[in-house]
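The following questions and answers serve as an introduction for a reader new to this structure. Please view the sequence and the model together before reading on.

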Amino acid sequence: MNAQQLLQEISDYCRQAGLAESTFGRRAVNDGKLTARLRGGGRITTDTLERIHNFMTAHPPQGPRPIVIERAREPRLTNSPTLAPVMAPSKPGDPQRNFRFFDNRQKYLLFVNTCSEKWEVASRIAGELALIHPRPPAVRVFDAGVGDGSVLVRTMRAMHDRFTHMPFYVVGKEISLEDVRLTLQKMADRFFEHPATVLILTNLAYADAPWLAVKSLNAASSLVWHELPLTGNSAHRFEQQIIDLEPFLALNWKAGVSARTGNPIYERPVVLVIYRDDHRFVLDPIIPRPGGTVANYDLVIASQPYRARASLEFKATRVIGPLSRALGPGGRLVAIHSHGHDPGMEIIQKVWPDDHPFIHDRHQILKAVKQDLGAAGRDLNFNAYADNRALFRYVMHTLPSEISDSIGTSTLFAAWNAAIYVAQVEDDRLAEVVADGRYLDATRSVLRERGGLWFFDESYVISRRRA
């Protein structure tokens, strides 16, 4: 089968199933750009072809479905090229409607590269380093959602500046294959500057990832544990070996979609351990082994770890609660989520006046976590802080000349994308407003009135008392 035949087959399937091609790619082979790569002359392996056909066989179209409208790529005012394909309205229980917002790659990558949130979050995290009290044999850090690695790599730079001669034990949780790739691309310099580093990436759930152990016996039997001792002594050599991990990642870092929740779930649990081979002797006490390890983290980073619209119970019992249990004596968990009450939210409410995505503040979440932990939370401090410490602002990067009487189309698109990304607006709600151009009018109005675009994040800290 040639690429053209495969593309036609995928196109026919998506039309009958009511799926966007990017959604098909994510669900079938964990690659939302699959069809774009094929159209651009890309090639796939026989294993990928088999996975595509297996997905089609396992998920046959269920009767006639609305046709998917693919958004045009030309820079037309009524069709933003930065938005995901428009889906026909889905039922409330449809997994496509509930598919985890942060896995929408187009919105995510544009947001990351046009807004300063990652910088500001990393700065907020770095401020906590003065308050932790590491104990031998290492400074232990857990990132509960690595994303593209921007926050983690900046935190590791700040750690090196403060704890120059201490070994680092850094664990990052991430289910997205593309995010793992982006994170690893940034890490070669970290191993060069701070040789005594053990970096672990895993796709395990929040309840398992801090301990690198799977509670389910079925899942534990399929656990993939891979070590990469880096050889050489240059960032270039390290990068080459990290790039060589690509076949391993493509084979093992696969995700599907939960039929119950619509959230991504791993096909098999994976733990990837990377360290410098010439420092193995020094790092031996902290290199993890299969079968689980202690948590006892000095710092836990939880930046945007849950959907704003998720239930309070989910946030407390499924995310922040387990992460709090992973803290060691003197350890600190820094959690950050969107706050609203900013120009970004003004754009959203001009289009959807009754939309209020940020339904729980830090006080409500801390109270729910405290109740969930019960006796296990007796030695924890729950720090909400005052607004002047808990809230911080980040901006969308624009030149002074861009916000004028005539705002460029690309600036409008970027601002709209940032607003709907932060407010976590599902794709099925975008079709109507994008079709009539209302979103551009709302965005232009707010940018002119405010002279730019910024957002507020809200932070809180849970700390464990020192022994």
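**Placement, contacts and pairing**

Q: In which helix is R362 found?
A: The model is predicted: local features need pLDDT of at least 70, side-chain atom pairs count only at pLDDT 80 or more, and totals for chains, interfaces and linings use all residues. Residues are numbered from 1 along each chain as its sequence is written, and side-chain values use heavy atoms, with hydrogens and water left out. Helices (H or I, at least four residues) and strands (E, at least two) are DSSP runs numbered from the N terminus. On that basis, R362 is found in helix α17.

Q: Is R362 buried or exposed?
A: A residue is buried under 20% relative accessible area, exposed over 50% and partly exposed in between, using a 1.4 Å probe and protein chains only. The relative accessibility of R362 is 3%. R362 therefore counts as buried.

Q: The side chain of R362 reaches the backbone oxygen of which residue at 2.8 Å?
A: Contact means heavy atoms within 4.5 Å, and R362 touches several residues more than four places away in sequence, including H337, A384, Y385, D387 and Y460. A polar contact is a pair of N or O atoms within 3.5 Å; within protein, one must be able to donate a hydrogen and the other to accept it, and residues adjacent in sequence count only if both atoms are side-chain atoms. The R362 side chain reaches the backbone oxygen of Y385 at 3.0 Å. At 2.8 Å, the backbone oxygen reached is that of A384.

Q: Which residue in β12 is the bridge partner of A335?
A: Two strands pair if DSSP finds at least two bridges between them. Strand β9 (residues 327-338) and β12 pair in the antiparallel sense over seven bridges. In β12, A335 has as its bridge partner Y460.

Q: Which residue in β12 stands opposite F392?
A: Strand β10 (residues 380-383) runs antiparallel to β12, joined by four bridges, with N381 opposite S463. Strand β11 (residues 391-395) also pairs with β12 in the antiparallel sense, over five bridges. Opposite F392 in β12 stands D457.

Q: How many of the eleven residues of strand β12 are buried?
A: Strand β12 spans residues 454-464. It is largely enclosed by the rest of the structure, because the buried residues among its eleven number ten.

Q: How many salt bridges are there?
A: Side chains of opposite charge can pair when their charged atoms come close. A salt bridge is a side-chain nitrogen of Lys or Arg within 4 Å of a carboxyl oxygen of Asp or Glu. By this rule, the count comes to 18.

Q: How many residues apart are R450 and E346?
A: R450 and E346 form a salt bridge, with N and O 2.3 Å apart. The pair links distant parts of the chain, R450 being in helix α21 (residues 438-450) and E346 in helix α16 (residues 343-351). Their separation in sequence is 104 residues.

Q: What is the relative accessible area of R190?
A: R190 forms a salt bridge with E193, and their closest N and O atoms are 2.5 Å apart. The two residues are separated by about one helical turn, because they lie three residues apart in helix α10 (residues 188-193). E193 is partly exposed at 35%. R190, by contrast, is buried, with a relative accessible area of 7%.

Q: R429 lies over the face of which residue?
A: R429 and D355 meet in a salt bridge, 3.2 Å from N to O. R429 lies in the loop between α19 (409-422) and α20 (430-436) and D355 in the loop between α16 and α17 (362-373), so the pair ties together parts 74 residues apart in sequence. A charge sits over a ring if NZ of Lys or CZ of Arg is within 6 Å of the ring centre and within 35 degrees of the ring normal. At 4.8 Å from the ring centre, R429 lies over the face of W352.

Q: The charged end of K215 sits over the ring of which residue?
A: D208, in the loop between β3 (197-202) and α11 (217-221), makes a side-chain polar contact with the side chain of K215 at 3.1 Å. The charged end of K215 sits 5.9 Å from the centre of the ring of W211.
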